[in-house]
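Please open the model in a viewer and follow the stops below in order. Each stop names a selection and then describes what is found there.

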Amino acid sequence: MTDRAPHLYSGPLYAGLTVGILGGSFNPAHAGHRHISLFALKALGLDRVWWMVSPQNPLKSAAGMASLPERLAEARAVAAHPRIEVTAIETALGTRFTADTLAKLQRRFPKTRFVWLMGADNLRQIPRWKHWIRIFDSVAVAVFARPTYSLGALSGKAAQRYTRRRVSVSGVKGLARRRRPAWAFLRNPLHPASATAIRQARAAGS
């Protein structure tokens, strides 16, 4: 994997590219993140996937959260792919909320097409996020199936609000070029990895 990571002044390197952003705590990064990223690269026709490691998710407790350098290092080890890049760019942007991060990224990377990548669990809870409607208005959104969450997510507030803006699976390779709001639900092969289970196993010493 390349050591290059997107930063505030690397906009020209990504001009003309389509980049999927997988944001989260990555506490820790695991094979499920990599599984989704590889699927996204192919299914959506992405040039890169960024793992955007959050300094601190506003909706999660700081208790039990590994340090940012530790989470970044483990994410890089797990990603192990030249088109998956790990970054903590939110630290430099000075943002905490996804809507604000995306707005600043689009100013810094004006010639890059972004797709927000998230699991079905986040589609269900995204109405709790600050300025969540701005997320759908600013970038295309790709939602990935997750065990036990998919049915509830598709009947949730966000999916219902944007039901007429949902793109069929046959059109997902052009998702980033669609007029916003535009989103798709991808029925990817499921992966059993869970960050919570990994933390519990580590705490138990297994």
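## The sheet

Begin with the strands: six of them form an open sheet in the order 3-2-1-4-5-6, with parallel pairing. Strand 3 and strand 6 occupy the edges, and because each has a single partner strand, one side of each is left without a neighbour in the sheet. On average, neighbouring strands of this sheet are turned by 25° against each other, direction ignored. The model in view is a predicted one.

## The edge at strand 6

Select strand 5 (residues 140-144) together with strand 6; the two pair in the parallel sense over four bridges. Two of the bridge partners can be picked out individually. Val-141 has Trp-183 as its bridge partner in strand 6, and Val-143 has Phe-185.

Now show the side chains of strand 6 (residues 183-186). Which residues point one way, and which the other way? Trp-183 and Phe-185 share one direction, whereas Ala-184 and Leu-186 take the other, and all are buried.

## The helices on the sheet

Next, select helix 1 (31-43). This helix has 13 residues and reaches 18 Å from its first C-alpha to its last, close to the 18 Å expected at 1.5 Å a residue. Helix 1 packs on the sheet, where it touches strand 1, strand 2, strand 3, strand 4, strand 5 and strand 6, and its direction makes about 145° with that of strand 2.

Colour the helix by accessibility: Gly-32, His-33, Ile-36, Ser-37, Ala-40, Leu-41 and Ala-43 are buried. An α-helix has 3.6 residues a turn, so residues three or four places apart point the same way. The buried residues of helix 1 pack against several strands, including strand 2 (48-53), strand 4 (113-119) and strand 5. After the helix comes Gly-45, with a positive phi near 65°.

Then add helix 2 (68-79) to the selection. Helix 2 lies across strand 2 and strand 3 and runs at about 155° to strand 2.

## Backbone features in the loops

The remaining stops concern the backbone. Most residues other than glycine have a negative phi, and most peptide bonds are trans. The following residues depart from one or the other of these patterns.

- Select Asn-27 and Pro-28: a cis peptide bond joins them, with omega about 0°. Pro-28 is in the loop between strand 1 (18-24) and helix 1.
- Move to Arg-180 and Pro-181, which are likewise joined by a cis peptide bond, with omega about 0°. Pro-181 belongs to the loop between helix 8 (157-161) and strand 6.
- Select Ala-80, a residue other than glycine whose phi is positive, near 45°. Ala-80 is found in the loop between helix 2 and strand 3 (84-87). With a relative accessibility of 42%, Ala-80 counts as partly exposed.
- Finish at His-131, which is not a glycine and yet has a positive phi of about 55°. Its place is in the loop between helix 5 (120-125) and helix 6 (132-138). The relative accessible area of His-131 is 40%, so this residue is partly exposed.

Definitions and conventions: Residues are numbered from 1 along each chain as its sequence is written. This is a predicted model: local features need pLDDT of at least 70, side-chain atom pairs count only at pLDDT 80 or more; totals for chains, interfaces and linings use all residues. Side-chain values use heavy atoms; hydrogens and water are left out. Buried means under 20% relative accessible area, exposed over 50%, partly exposed in between (1.4 Å probe, protein chains only). Two strands pair if DSSP finds at least two bridges between them. The expected span of a helix is 1.5 Å times one less than its number of residues. Contact means heavy atoms within 4.5 Å. Axes are lines fitted to C-alpha atoms, for helices over the stretch in contact, and angles run from 0 to 180 degrees between N-to-C directions.
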